[in-house]
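Student: I am new to this structure and would like to look closely at a single part of it. Please pick one and walk me through it, then show me how the rest of the chain sits around it.

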Amino acid sequence: MDILSLLAPDRRIQVFFTYDDQNTAILGSDIDAYLRNLEAHVITWDAARRSSFALAIAASENDRLAELNAPVLLVPHGLGFLKHYPGTTVVAGMDPARLVQDERVVPAAIALSHRDQRDQLRRSCPQAAPLSVVVGDPCLDRLLAFRHHARRHRKVLDSAGKHVVVLASTWGPESLFGRMADLPGRLVSELPADEFTVLLVLHPGVHAAHSTWRLRGWLSEATRSGVVLVPPHGEWRSVLTAASCVISDSGSLALYAAALDKPILLTGTSATSVPNSPIVALHSLAPRVDPDRPLRGQLEVAMGDHIPGMYADIVDRSANYQTRSAHRLRPLLYRLMNLAEPTDEAAFPPIPGFRADNPPVAAFVAGVDSTADGLGLSRYPAMSVGEPELSYRHVAAHVDHATVTELDGATVLYLSSGDTAIEETLSQWPRAEIAAMPGPGPSCQVWTRDGTALELRVDAPSVDPLLLASLVQVRRDQGRPLANVERIRVGSRTIDVHVQPLVQVR
């Protein structure tokens with residue numbers, strides 16, 4: 001899709017998509033749905049075989065490309081050629097049994113991201129090496145071109161002012177998700193919800209093999225507590241750009257994170273990794289996740305100890321012509337199509353932001369962080385596996401999303417904005433002392449069981465206003481009245497809260 005963006009404006013070119021529907025693979029089982037969502041022309045494999053095309057672009061040699069009547073451009077489907085096919089020493093993407101058919105090299109050109117890969121190709125399939133062209137990596141260049149959008153992507157994620165932690169997993173038993181399937185849930189349970197956002201990016205093959213529906217079931221407790229499961233296609237780019245720290249494995253996203261100069265934690269190497277490849281070099285340098293130790297401290301050390309540019313040499317071994325791949329690729333595309341190239345400058349389009357549609361966290365354990373200076377408010381998902389050091393602990397639960405058990409034990413009840421059933425809600429849940437909802441702007445409207453109605457307003461739009469209901473509860477537990485201006489700490493941020501009576505009929 002990155003490569004096709006270079007052809008998008010050209011009205012001389014019609015694009016068709018096809019896949020081998022007669023020989024489907026497990027990792028491609030959702031490709032039909034993906035193509036339907038593109039709203040593009042999709043033709044059957046038989047129709048593609050019976051037609052002639054100016055060019056065919058493929059990201060895997062494991063298709064019956066020799067059957068197509070078109071010059072074939074073969075491109076990598078990751079940052080270089082990092083893996084062997086399982087159980088073999090054949091480099092994935094360079095299988096000589098597929099590259100050569102009837103003593104003919106099938107691709108008209110083989111795009112490489114780095115000149116060292118030509119030596120790989122020469123060792124794997126000597127006949128194909130002369131057809132290789134070093135073009136760089138279009139996906140890497142698109143990430144590099146728009147890394148300045150990180151702040152905007154965090155804002156779209158509703159994570160401004162937070163640390164964004166991205167878990168990026170390839171597929172297979174040695175992947176992050178294969179080895180540590182509980183890691184997303186553990187992370188979100190150990191990290192204060194108002195200071196961290198946790199997102200999980202799974203390789204499309206994981207979705208295809210198990211189904212997104214099944215993954216949602218396996219991850220239901222984690223997503224209910226705030227983990228965002230990122231869709232399996234292009235959305236990962238903006239998520240990776242927004243990341244404060246990336247936890248990954250032996251997949252390409254670890255290298256892309258290194259290229260974006262992100263702090264990295266890795267989960268372990270893979271037996272299928274190509275020796276002396278950039279991903280193996282990255283594993284020799286980047287710190288590892290220790291599943292037997294608290295995770296927050298490991299994240300903070302990784303972010304604090306990160307040295308800008310520490311992975312630059314490894315990234316340079318992954319791709320030549322960084323930021324220039326569009327200028328290498330587009331002439332190749334037009335040469336293969338025997339078509340005059342446009343005169344405008346070749347460039348990739350911006351990366352769209354990803355907006356998560358998760359429901360609110362159903363229930364929190366909230367209170368004052370005993371380790372923070374001043375009045376440090378923190379909230380953790382109620383599923384928290386640890387016991388956060390909180391004073392004036394209480395449970396805050398959302399009436400639309402929490403379980404009956406969570407609501408029955410809640411001191412603070414969250415309502416949706418505009419809900420008018422304040423008294424009814426407090427009556428239904430007699431243990432609750434406070435009902436709260438978001439007000440206009442960055443504010444929280446609070447009603448207590450004794451009839452007090454307050455509006456608490458902050459000047460920091462990145463703060464969830466419902467957190468302020470816990471300030472009211474803490475002061476009640478302390479037996480202290482609220483001041484007109486309260487100063488709280490949320491992580492490293494100090495925030496002034498303006499308190500005033502709420503004039504509103506309930």
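Tutor: Two strands pair if DSSP finds at least two bridges between them. The strands themselves (E, at least two residues) and the helices (H or I, at least four) are DSSP runs, numbered from the N terminus. This is a predicted model, in which local features need pLDDT of at least 70 and side-chain atom pairs pLDDT 80 or more, while totals for chains, interfaces and linings use all residues. Residues count from 1 along each chain as its sequence is written, and side-chain values use heavy atoms, without hydrogens or water.

Let's make strand S7 our part; please find residues 109–112. Each of its two faces is covered. Ala109 and Ala111 point to one side, Ile110 and Leu112 to the other, and all four are buried (under 20% relative accessible area with a 1.4 Å probe, protein chains only; exposed is over 50%, and partly exposed is in between).

What does S7 pair with? One partner is strand S4, at residues 72–74, which runs parallel to S7 and is joined to it by two bridges. You can locate this pairing by looking for Leu73, which stands opposite Ala109 in S7. Another partner is strand S8, residues 132–134, again parallel to S7 but joined by three bridges. Here Leu112 has Val134 of S8 as its bridge partner. Now follow the chain: S7, helix H4 (residues 116–124) and S8 together make a β-α-β unit, and the unit is right-handed. That word says that, with the strands pointing away from the viewer, the path from the first strand over the helix to the second runs clockwise.

With S7 in mind, let's go further along the chain to another strand. S18 covers residues 434–439, and five of its six residues are buried, so S18 is largely enclosed by the rest of the structure. The route into S18 starts at S17 and passes through helix H19 (residues 422–428), and this β-α-β crossover is right-handed. S17, residues 412–414, runs parallel to S18, and three bridges join the two. Within this pairing, Tyr414 is placed opposite Ala436 of S18.

S18 also pairs with strand S19, residues 443–448, this time in the antiparallel sense and over six bridges. Ile434 of S18 faces Thr448 of S19. The two strands form a hairpin with three residues between them, and Gly441 in the turn has a positive phi of about 70°.

One residue of S18 can serve as a landmark, namely Met437. Its relative accessibility is 3%, so Met437 counts as buried. Compare its place with that of Gly136: the two are 301 residues apart in sequence, and their C-alpha atoms lie 51 Å apart in space.

Positive phi values deserve another look. Most residues other than glycine have a negative phi. Asn338 is not a glycine, yet its phi is positive, at about 55°. This asparagine lies in the loop between helix H17 (325–337) and strand S14 (363–369). With a relative accessible area of 72%, Asn338 is exposed. Tyr392 also has a positive phi of about 55° without being a glycine, but Tyr392 sits within a strand, S16 (residues 390–398). Its relative accessibility of 37% makes Tyr392 partly exposed.

Let's look at one helix as well: H15, residues 295–305. Leu295, Gln298, Leu299 and Ala302 are its buried residues. On the face turned away from that buried side, H15 carries Gly304 and Asp305, which are exposed.

Finally, step back to the whole chain. Its secondary structure comes to 20 helices and 22 strands. The C-alpha trace spans about 85 × 45 × 40 Å along its principal axes. Of the 506 residues in the chain, 51% are buried, and the four residues of S7 where we began belong to that buried part.
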